[in-house]
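Work through the exercises below with the model open beside you. Try each task before you read its solution.

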Amino acid sequence: MGKVRVGIIGVGNCASSFVQGVHYYKNAKPKEFVPGLMHVNLGGYHISDIEFSAAIDIDKNKVGKDLGEAIYTKPNNTFEFARVPKLGVKVVRGMTHDGLGFYLSKIIEKAPGPTADIVRILKDTGTDVVVNYLPVGSEEATKWYVEQILEAGCGLVNCIPVFIAREKYWQERFIKRGLPMIGDDIKSQVGATILHRILTRLFRERGVRLERTSQLNVGGNTDFYNMLERSRLESKKISKTNAVTSQLDYDIGADNVHIGPSDYVAWLTDRKWAYIRLEGKTFGDVPLNLEMKLEVWDSPNSAGVVIDAVRCVKLALDNKLSGSLFGPASYFMKSPPQQYTDVVAQEKTEEFIATYGGKAVEISGNGKKLAKRPKPTVNSKPRISLDGKKKPVK
């Protein structure tokens with residue numbers, strides 16, 4: 001089925017884990033269990049079919065270097081689980097706009113020279129899908145890059161909480177150009193958001209009325225350092241909060257929910273500590289409180305999800321789909337165009353893969369192959385509510 005040519009905007013820790021992961025699992029067997037991936041061979045595309053075609057950054061210590069070298073360059077500080085050789089992809093100078101905040105400007109110096117011709121580079125390198133890894137709060141920079149992506153004719157995976165894929169304006173722009181996208185704000189393999197969502201849903205399904213909840217996160221990577229600038233946090237807090245509260249069918253009130261990054265601890269490097277608390281009432285209005293702590297390496301935790309997401313976008317390109325991919329977005333992202341429970345989101349993503357893939361795949365969990373490809377429902381109105389019950393399509 002060919003290759004998946006991927007361009008990266010922002011060569012930070014997340015990009016490092018993504019690139020390392022593709023190299024680490026390039027020889028994985030199709031039936032092998034690879035942590036963090038839905039399938040080794042997703043719809044006809046193996047992990048090894050992902051090729052990096054373009055890389056964009058503004059850091060003078062990364063611009064001009066081969067991508068295989070730049071991913072290990074400070075201030076990157078994530079877990080090194082693979083030594084990637086030179087890839088023949090030079091990191092080019094990107095546009096800054098609001099991509100470099102107050103705190104990041106203390107440790108990152110912009111590369112000299114003009115912004116590269118991003119549209120030309122994406123076209124000349126035959127890039128299929130572009131992954132946006134800009135820092136949180138890069139509203140104007142993200143929108144500028146999206147314009148370049150549209151002009152170049154590429155698909156998009158938006159990993160940050162700048163709302164593109166869920167917004168009608170951008171959906172219509174991508175539909176007009178016949179291009180697909182998945183967004184917004186990547187949902188890690190087992191991160192604070194997915195755990196908080198599942199616990200919230202568990203309370204609801206077991207009849208516990210959630211009254212108050214909080215999620216506090218600390219870490220030592222540049223993402224947490226950047227988010228010390230509280231003005232850049234608005235979209236991040238919205239994204240994480242909506243991902244959790246969407247699992248309830250009642251409103252507990254804004255003052256009873258606090259979810260978001262909390263502080264920067266340098267010695268944690270790319271590790272994140274998340275503290276989650278839920279307070280509720282059981283039968284007889286008897287209190288039930290739950291508190292937990294998650295410790296995880298932040299960037300590798302999302303890399304496998306991105307590997308799956310870029311392959312889904314490539315399947316959409318192959319099948320001439322356009323606009324937001326509702327099913328995959330609901331599974332891979334915190335702020336998709338439509339929220340579902342995680343079970344329903346996974347089912348919709350497997351349906352997407354089976355429908356548009358080069359061959360039938362095994363459904364995760366039951367090991368049975370699809371007898372036939374289901375009718376596509378990717379861009380139709382949602383048919384399943386939060387409780388998993390079918391709803392008529394209007």
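The exercises go from the whole chain to single residues, and the model is a predicted one.

**Exercise 1. The whole chain**

Task: Find how many helices and strands the chain has, and decide how compact it is beside a globular protein of that length.

Solution.
- Step 1. Count the elements. The chain has 11 helices and 13 strands.
- Step 2. Take the radius of gyration. It is 20 Å, and the globule rule gives 21 Å for 394 residues. The two values are close, so the chain is as compact as a globular protein of that length.
- Step 3. Look at the extent. The C-alpha trace spans about 65 × 50 × 40 Å along its principal axes.
- Step 4. Ask how much is buried. Of the 394 residues, 55% count as buried.
- Step 5. Check the contacts. Take those between residues at least 6 apart in sequence: 75% of them join residues at least 24 apart.

**Exercise 2. The sheet of seven strands**

Task: Give the strand order of the seven-stranded sheet, and name the strands at its edges.

Solution.
- Step 1. Read across the sheet. The order is β5-β4-β1-β6-β7-β8-β13. The sheet is open, and its pairing is parallel.
- Step 2. Find the ends. β5 (91–93) and β13 (323–324) each have a single partner strand, so one side of each lacks a neighbour in the sheet.
- Step 3. Zoom in on one pair. β7 (residues 155–158) and β8 (residues 180–182) are joined in the parallel sense by two bridges. Opposite leucine 156 you find methionine 181 of β8.

**Exercise 3. The sheet of four strands**

Task: Describe the four-stranded sheet, its edges and the helix that packs on it.

Solution.
- Step 1. Write the order. It is β10-β9-β11-β12, in an open sheet with mixed pairing.
- Step 2. Find the edges. They are β10 (257–264) and β12 (287–297); each has a single partner strand, so one side of each has no neighbour in the sheet.
- Step 3. Note the turn between neighbours. On average, neighbouring strands are turned by 10° against each other, direction ignored.
- Step 4. Place the helix. α6 (residues 192–205) packs on this sheet and touches β9 (209–219), β10, β11 and β12. Its direction makes about 15° with that of β11.
- Step 5. Follow one pair. β11 (residues 271–281) and β12 run antiparallel, joined by 11 bridges. Arginine 277 has glutamate 291 of β12 as its bridge partner. Lysine 272 has valine 296 in β12.
- Step 6. Inspect the hairpin. Five residues lie between β11 and β12, and glycine 284 takes a positive phi near 80° there.

**Exercise 4. Three residues, three places**

Task: Locate valine 19, threonine 127 and asparagine 301, then state whether each is buried or exposed.

Solution.
- Step 1. Start with valine 19. It sits in helix α1 (residues 13–24). Its relative accessible area is 2%, so it is buried. Beyond four places in sequence, its contacts include Ile8, Phe52 and Leu67. Isoleucine 307 is 288 residues away along the chain, yet the two C-alpha atoms are 9.4 Å apart.
- Step 2. Go on to threonine 127. Its place is the loop between α3 (118–124) and β6 (129–132). With a relative accessible area of 7%, threonine 127 is buried. Its side chain makes a polar contact of 2.8 Å with that of threonine 125. Outside four places in sequence, threonine 127 contacts several residues, among them Arg5, Ser53 and Cys154.
- Step 3. Finish with asparagine 301. It belongs to helix α9 (residues 300–318). Its relative accessibility is 8%, so it counts as buried. Contacts beyond four places in sequence include Ser188, Gly191 and Val296.

**Exercise 5. Cysteines**

Task: Decide how many disulfides the model has.

Solution.
- Step 1. Recall the bond. A disulfide covalently links the sulfur atoms of two cysteines.
- Step 2. Set the cut-off. The two sulfur atoms must lie within 2.5 Å.
- Step 3. Count. The result is zero disulfides.
- Step 4. Test cysteine 14. The nearest cysteine sulfur belongs to cysteine 159 and is 7.3 Å away, and cysteine 14 is in no disulfide. Cysteine 14 is partly exposed, at 26% relative accessibility.
- Step 5. Test cysteine 312. Its nearest cysteine sulfur, that of cysteine 159, is 13 Å away, and cysteine 312 is in no disulfide. Cysteine 312 is buried, at 0% relative accessibility.

Conventions: Residues are numbered from 1 along each chain as its sequence is written. This is a predicted model: local features need pLDDT of at least 70, side-chain atom pairs count only at pLDDT 80 or more; totals for chains, interfaces and linings use all residues. Side-chain values use heavy atoms; hydrogens and water are left out. Buried means under 20% relative accessible area, exposed over 50%, partly exposed in between (1.4 Å probe, protein chains only). A polar contact is a pair of N or O atoms within 3.5 Å; within protein, one must be able to donate a hydrogen and the other to accept it, and residues adjacent in sequence count only if both atoms are side-chain atoms. Contact means heavy atoms within 4.5 Å. Two strands pair if DSSP finds at least two bridges between them. Axes are lines fitted to C-alpha atoms, for helices over the stretch in contact, and angles run from 0 to 180 degrees between N-to-C directions. The radius of gyration is taken over C-alpha atoms; the globule rule is 2.2 Å times the number of residues to the power 0.38.
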